[in-house]
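Student: I would like to take a close look at a single part of this structure and to see how that part sits in the whole. Could you take me through it slowly?

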Amino acid sequence: MSVSEWNKACHRISKSIINMYKLFLLLLPIIYVFTGCDNKTSDNKQTYQQKVEKSAANNDKKISKPENDVKIWMPYSQTLDKAIKSGLLWLARHQNPDGSWGARSFQNQCKNTRCSGVGDKQFDIGLTGLGLLAFTRQGYTIHSRDVYGGINFGEVVSKSAHYLINNQLSDGTFGGVKEGKFMYNQAVATYALADLYSLTCNAPHGVIFKEPVERAVKYLLENQNPNKGWRYQPKDGQNDSSVTGWVMLALDAVKHADILIPPEVFIDIKSFYDDVTNPASGQVGYTRLGGNSLQGYEDTRGWVVQPTPTAIGIMVRILIDLKTSDPLIKLGVEQLSASLPAWDTSKTGVIDYAYWFFGSCCLNQYDGPSGPMNKAWQEKVKKALLPNQRTDKDGCSAGSWDAIDRWSSEGSRVYSTAINISTVQVYYYFGIENSGK
Ligand SMILES: [Zn+2]
């Protein structure tokens, strides 16, 4: 072989090597995608608990800052913080070993003395959601490491989220459609999981909640009454301002988790509240125009009927329109101001934890943490709730609130405690969404 022939041969070989390298570079992304798909397939075969444990292990390396620092809207208050922590500890102590909370089964967890105030177990899924919410609204997630009274609050969150997701069916319901007031359960459980997902969606482990939340939301949207809202059963043609208000809170939490909801959904919700809102007084009805009554019989029994639907109606309008200039809102706020929270046990219906919760959400949105309406309301809430929370001298019930309000006979001490914690938390963690217009 001559020198020139040798040089040509070397050139051809080196050109072939370069071409092969170029081909390898071109194929690299495809190889990577296929490898990734394999990983995803094996990941899908893992149980929810395995995914949690795996992501927890990853997360330990990546995030050192506790996640429950994420949102604080009010200056720190030692009194409120103590009330919230001791309420959460009562919930943690009365959580069932499977992660749920029950209207009757909470008593199985009592130590020494038995807490009073059982309710209707048809609400156990909703109570599990409400219990979980009390923790997530405080910023606790499955990775929180705060231990109180020997209980890790991160584990409480993990167990309850685990319970809901493991009971979720392919249609998005948590355990299937049941008779009775089923949609309360669906709305509150969806709200809780969406709130948890909104806290964790930017962390590596948050992705495990995405699909269950999307499935639960899809169910709610598929079962919205045409041009209206929701009541107890899926798409039953009936609407009430209470169930629809809980669904609205769930959809609002979903929005913060960057899951898109079609705008028509909110147009239809508002259309329902328009139907039941008196334009002259701003009063919002329960299922129809006129009357605050949430059940048919309170008026005839002489119970005090609080303007809960009005509080919910205003909250919904602000969350949808992100402004407070609507004259219906101003009229409604006047009704709330005329019926401020008070711990008066002499007349049935004055103590109404749901009214205090929705009123707090509503007025906090209306004029913000330092607005006069909100401050006047907030002072009354604190005066009513804080001195009436059970303390250490009350044994097992320490940290809870007695099941003595209008709805506790259905919701139990779990309801009364979880919703009152959420009410107190409004001043810390419920972001102001109105634009100030
Ligand atoms: Zn107890």
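What follows is a walk from the whole chain to one helix and its surroundings, and then to some other places in the chain.

Student: Which helix has 13 of its 13 residues buried, and what does that say about its place in the structure?

Tutor: Before we turn to that helix, please keep in mind that this is a predicted model, with an average pLDDT of 83 over the protein chain and 78% of the residues scoring at least 70. Over residues 20-74 the pLDDT is below 50, although this stretch still has 48 contacts in the model beyond near neighbours in sequence. Where pLDDT is low, the predicted coordinates should not be read in detail.

The protein chain holds 15 helices and two strands, and buried residues make up 45% of its 437 residues. Among the contacts with a separation of 6 or more, 72% are between residues 24 or more positions apart.

The helix you ask about is H4, which is made up of residues 124-136. Its 13 residues reach 18 Å from the first C-alpha to the last, close to the 18 Å expected at 1.5 Å a residue. A residue is called buried when 20 or more other C-beta atoms lie within 10 Å of its own, and 13 of the 13 residues of H4 are buried, so this helix is largely enclosed by the rest of the structure.

One residue that touches this part of the chain is Tyr191, whose contacts include Gly129 and Leu133 as well as Trp246, Leu249, Ala250 and Ala253. Tyr191 is also listed, with Ala187, Leu193, Ala250 and Met315, among the residues with the most contacts inside the largest nonpolar core, which has 96 residues. Helix H6 (residues 182-200) gives this core its largest share, 13 residues.

If we now step back along the chain, Asp120 is found in the loop between helix H3 (78-93) and H4. Asp120 has 16 C-beta neighbours inside 10 Å and therefore counts as partly exposed. Leaving aside residues up to four places away in sequence, Asp120 touches Ala103 and Glu410, and its C-alpha is 7.3 Å from that of Ser412, although these two are 292 residues apart in sequence.

Ser412 itself lies in helix H15 (residues 408-429), and with 30 C-beta neighbours inside 10 Å it counts as buried. Its phi is near 80°, a positive value in a residue other than glycine. A positive phi is also found at Asn227, where the value is near 65°; Asn227 lies in the loop between helix H7 (207-222) and H8, and it counts as partly exposed because it has 13 C-beta neighbours inside 10 Å.

In helix H8 (residues 241-256) we find Ser242, which counts as buried because it has 22 C-beta neighbours inside 10 Å. The C-alpha atoms of Ser242 and Ala311 are separated by 10.0 Å, and the two residues are 69 residues apart along the chain.

Helix H14 (residues 372-385) is a useful helix to set beside H4. The buried residues of H14 are Asn374, Trp377, Gln378, Val381, Ala384 and Leu385, and they cover an arc of only 130° around the axis, which means that they lie on the same side of H14. On the other side of H14, Pro372 and Glu379 are exposed. For H4, by contrast, 13 of the 13 residues are buried.

Technical notes
Residues are numbered from 1 along each chain as its sequence is written. This is a predicted model: local features need pLDDT of at least 70, side-chain atom pairs count only at pLDDT 80 or more; totals for chains, interfaces and linings use all residues. Helices (H or I, at least four residues) and strands (E, at least two) are DSSP runs, numbered from the N terminus. The expected span of a helix is 1.5 Å times one less than its number of residues. A residue is buried if 20 or more other C-beta atoms lie within 10 Å of its own, exposed if 12 or fewer, and partly exposed in between; C-beta atoms are placed from the backbone. Two residues are in contact if their C-beta atoms, placed from the backbone, lie within 7 Å. A nonpolar core is a set of buried Ala, Val, Leu, Ile, Met, Phe, Trp, Tyr and Cys residues joined through C-beta atoms within 7 Å. pLDDT is the predictor's confidence in each residue, from 0 to 100. The arc is that of the directions from the helix axis to the C-beta atoms.
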